[in-house]
Amino acid sequence: MFIDVFTKLSFRGLLVLILTLSGTSIFAQEDTISTDGIEFSESVPVTDTSVQVVTPSVQKEQSAANVSTAGAPEADDQTLWAIFIAGFAGGLAALLMPCIFPMLPLTVSFFTKSAENKGSAITKASLYGLFIIVIYVVLGLLVTVFFGADALNDLSTNGYFNFFFFLLLVVFAASFLGAFEITLPASWVNKMDTNSDKGGIAGLFFMAATLALVSFSCTGPIIGTLLVQAATTGALLGPAMGMFGFSLALAIPFALFAMFPKLLSSLPKSGGWLNSVKVVLGFLELALALKFLSNVDLAYHWNWFDREIFLVLWICIFTLMGFYLLGKLKFSHDSPVHYLSIPRLFLAIVVFSFSLYMIPGLWGAPLKSISAFLPPMSTQDFNLYSNGSTSTMLASSGNPDGPRKYADLFEKPAGLNPFFDYDEAVQYAKKVGKPIMIDFTGHACVNCRKMEENVWIEPDVHKRINEDFVLVQLYVDDKAELAEAERFITPEGREVKTIGKKWSHLQASKYKANSQPFYVLLDPTNEKLLTEPQGADFDAASYLSFLDKALNNYKK
């Protein structure tokens, strides 16, 4: 039973890892970041008609708003904390891997037996843990140094990188499922192991390095997933913070058991359950990989990986995981399951329940708890939930003023009829006498989808956006090319050739912000800010207050 408790804790921790690192973390308020290598500049090219020149008074108000919104320390701190927690959860999961768990009692026993006294054993174990942290944090820093801040920002929206990440996570999943092992050259391990015999502080360092190399077949996929997700948040210190959380979770047990060696007797014996942890993680890696594929499909308008296909694949993956937990599905390295313990049964019930929960989504159920991961509801081919009391919200209104620019490229949020071009929205807002609501969004932005599926559909919020504002959605990561006449060169000398780069440049140069979602409420007559822009706010009442404040200022 104790073994299965570990399995349950592993699953829950890894689920938190996926929820956190997919970009829709419950801890982070900002999501996709896309600057496309753009440097902030006060000047704008004359050829870019979408970027308006503001008066000094307007610019002063915008600058004040930018100080409190763009690059806000609070948002950065939340993102880093989310990455740290995800890394720590990944470290706890790695601790239960067959490459690390059996080494825990062996290593601690070595410290306690070779030390002159208990204090010396604790010191050695603590230094050993400290060196584990140093090794992994340096790895995270090297990722930042190698890619650089601009490249890290670009990773989250680049189609090639997203497709590469999809393939990478599929490889990681196959490794955990037992198809092969990802190992480092044996010569590296042997060299580190030889140096670990030197003794002293240097010997402890090489012991820690040996652990990192020997356990790579188990920790490599977790580390790779963590680094990918941390990098795509755009946070400069994200990879290092993720590695810090990961290594801290690995290091604590060594010091803890050195302080209290009697606790070693309470650890479960190594066995087939360790491989079960790997397989469960393999299923979760496979599920996460599909999110990256969905990002590419949306950004390049392939229009084949819609909501139903995504849900069918997730239902199959988690159903197979449930059968695996029941012992009905086995892989090459698995030990036979002679009986089903209560904790393992409970975990199987959770997994099967989750699979059943997703089934109504095939017919249009909103599935609010996971809506941020799914392709937009507008990609749903068949929707049984578009009648009754929700018909007003799920039926898009027509276009009385004719077709809107780029409308054929983008899916509309439920019940809303947004513009997708800035200039067109400004002209229409002046005509109807309504304020503008700019939604800087992205195909790969999970928090954007969460706002649309959980906050915008609230009746009061939906009514306010639909009736009192002119909504314009500007996708900063779209890869559709601009017409030749619309292309321009930024003051930094970069050519803007795609729709996404055009709106990314507008957001960065005019509002000094580069995160999505980012909501800007303007008076169309002078493009003056009606209230300070803000990012995601999953409290519908708070978000409605944000809209009402701008609306009241506009009426004044």
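1. Helix α18, residues 499-511 of this predicted model, has 13 residues that should span 18 Å at 1.5 Å a residue, and because its end C-alpha atoms are in fact placed 18 Å apart, the expected and modelled lengths agree.

2. The same helix is largely enclosed by the rest of the structure, since 12 of the 13 residues of α18 are buried. Among the buried residues are Trp 503, Leu 506 and Tyr 511, but also the charged side chains' owners Lys 502 and Lys 510. Just after α18, Lys 512 takes a positive phi of about 50°.

3. Glu 308, which lies in helix α12 (residues 307-325), deserves a separate point. What is the nearest side chain of opposite charge to Glu 308? That side chain belongs to Arg 307 and is 6.9 Å away, and Glu 308, although buried, has no salt bridge, the cut-off for which is 4 Å.

4. The side chain of Glu 308 is nevertheless joined to that of Gln 380 by a polar contact of 3.5 Å. With neighbours within four places in sequence left aside, Glu 308 is in contact with Leu 362, as well as with Thr 379, Gln 380, Asp 381 and Phe 382.

5. For the protein as a whole, the secondary structure comes to 19 helices and 6 strands, and 55% of the 556 residues count as buried. Of the contacts with a separation of 6 or more, 75% are between residues 24 or more positions apart. The protein exposes about 23,400 Å², of which carbon and sulfur atoms supply 64%.

Notes. Residues are numbered from 1 along each chain as its sequence is written. This is a predicted model: local features need pLDDT of at least 70, side-chain atom pairs count only at pLDDT 80 or more; totals for chains, interfaces and linings use all residues. Side-chain values use heavy atoms; hydrogens and water are left out. Helices (H or I, at least four residues) and strands (E, at least two) are DSSP runs, numbered from the N terminus. Buried means under 20% relative accessible area, exposed over 50%, partly exposed in between (1.4 Å probe, protein chains only). Contact means heavy atoms within 4.5 Å. Accessible areas come from the Shrake-Rupley method with a 1.4 Å probe; for residues, only the protein chains shown count as cover. A polar contact is a pair of N or O atoms within 3.5 Å; within protein, one must be able to donate a hydrogen and the other to accept it, and residues adjacent in sequence count only if both atoms are side-chain atoms. The expected span of a helix is 1.5 Å times one less than its number of residues.
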